[in-house]
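The following exercises concern the pockets of a protein and the placement of its ligand. Each task is followed by a solution that proceeds step by step.

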Amino acid sequence: MNRIISPSLLSADFSILKEQIDIVKKAGAQRLHIDCMDGHFVPNFTFGPFIVKAIRKLTDLHLETHLMIDNPSNYFDDFIDAGSDTLIFHYEASNDLRRDLETIKQKGVKCGLAIKPETSHQLLEKYLDILDYILIMSVSPGFGGQGFIEETLLKMKLTHEMCINHNCRDKITLGVDGGVNIKTINKVYQTGVDVTVVGSGLYKADDIIERFKELETQ
Ligand code: DX5
Ligand code: ZN
């Protein structure tokens, strides 16, 4: 099982953003995770489409944009036009999930749903036919550097099994987001997931390239 690590730029040093992107690409990253927060859906406020557009100019890496915002569909076009390759919004923030997923898909962008630690994976079952990506939060969304919530490991395993049982496991990318680091990454991958989002566990390391390799091979 090859590990796909998606560096979360929220933990990067934005004063040297191009270098922070280039170094993870040099380390072997195939994608970047961009956390957009509105200060309403989550207590933190980060950045919007403008920054995604700037990042798009800096790299050809696959950009997975994680929207932690209320009324996400109001901003789909902006984040798609900014260059997102995968657009993930929260199950808890949408009032018409199928319409929202279809809207993203119709624009040729991969669509994803994120679920908070307290949200059951079973709520996603009826969208498996349209989903490209499921992002399982292993922290409460809003900040980097939080502690990994062990109880979410079972949900990762059950989500993996749910996709197998519905014959769609190969079609859907399973990602895990929050508190993934050198200590927790092994047990996360033992659940069967594909992608781990790593922010502080990568960008706060002294040697980012070495840490990326450790995370990949641990
Ligand atoms: C949290 C974000 C995560 C976060 C991950 O709301 O969605 O992507 O940046 O950062 P770490 O890996 O430090 O938990
Ligand atoms: Zn995220």
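**Exercise 1.** Which oxygen or nitrogen partner does the backbone of Gly-199 approach, and at what distance is an oxygen atom of ligand 1 from a polar backbone atom of Gly-199?

*Solution.* The model is a predicted one. Step 1: a polar backbone atom of Gly-199 is 2.8 Å from an oxygen atom of ligand 1. Step 2: a polar contact requires a pair of N or O atoms within 3.5 Å, so the pair qualifies.

**Exercise 2.** Identify the side chains that have polar atoms beside an oxygen atom of ligand 1, and state how much of the ligand is covered.

*Solution.* Step 1: Asp-177 places a polar side-chain atom 2.6 Å from an oxygen atom of ligand 1. Step 2: for Ser-200, an N or O atom of the side chain is 2.5 Å from an oxygen atom of the ligand. Step 3: on its own, ligand 1 has 390 Å² of accessible area, and the protein covers 100% of it.

**Exercise 3.** Describe the shell around ligand 1 by residue, by element and by class.

*Solution.* Step 1: the shell consists of 21 residues, with Gly-142, Asp-177, Gly-179, Gly-199 and Ser-200 the closest. Step 2: at least two residues come from each of S2, S3 and S8; S2 gives the most, with three. Step 3: the classes are eight nonpolar, eleven polar and two charged residues.

**Exercise 4.** Which pocket does ligand 1 take up, and what lines that pocket?

*Solution.* Step 1: ligand 1 takes the space of the largest pocket, whose volume is about 280 Å³. Step 2: its lining has 28 residues, and nearest the centre lie Gly-144, Gly-145, Gly-178, Gly-179 and Gly-199. Step 3: two or more lining residues come from each of strands S2 (31–37), S3 (62–68) and S8 (195–198), and from helix H7 (200–203). Step 4: this lining comprises eleven nonpolar, 14 polar and three charged residues.

**Exercise 5.** Characterise the second largest pocket by volume and by lining.

*Solution.* Step 1: the second largest pocket holds about 180 Å³ of space. Step 2: residues in its lining include Met-37, Asp-38, Phe-45, Phe-47, Asp-70 and Tyr-75. Step 3: the lining divides into seven nonpolar, one polar and two charged residues.

Key. Residues are numbered from 1 along each chain as its sequence is written. Chains are lettered from A and ligands numbered from 1 in the order in which they are written. This is a predicted model: local features need pLDDT of at least 70, side-chain atom pairs count only at pLDDT 80 or more; totals for chains, interfaces and linings use all residues. Side-chain values use heavy atoms; hydrogens and water are left out. On a 1 Å grid over the protein atoms alone, a cavity is a set of points where a 1.4 Å probe fits but cannot get out, and a pocket is an open set with protein on both sides within 12 Å along at least five of seven lines; lining residues have an atom within 4 Å of a point. Grid points are joined across faces, edges and corners, and a volume is the space filled by probe spheres set on the points. Helices (H or I, at least four residues) and strands (E, at least two) are DSSP runs, numbered from the N terminus. Ala, Val, Leu, Ile, Met, Phe, Trp, Tyr, Cys and Pro count as nonpolar, Asp, Glu, Lys and Arg as charged, and the others, Gly among them, as polar. A residue is near a molecule or strand if one of its heavy atoms lies within 4 Å of it. A polar contact is a pair of N or O atoms within 3.5 Å; within protein, one must be able to donate a hydrogen and the other to accept it, and residues adjacent in sequence count only if both atoms are side-chain atoms. Accessible areas come from the Shrake-Rupley method with a 1.4 Å probe; for residues, only the protein chains shown count as cover. A molecule sits in a cavity or pocket if more than half of its atoms lie within 2 Å of its grid points.
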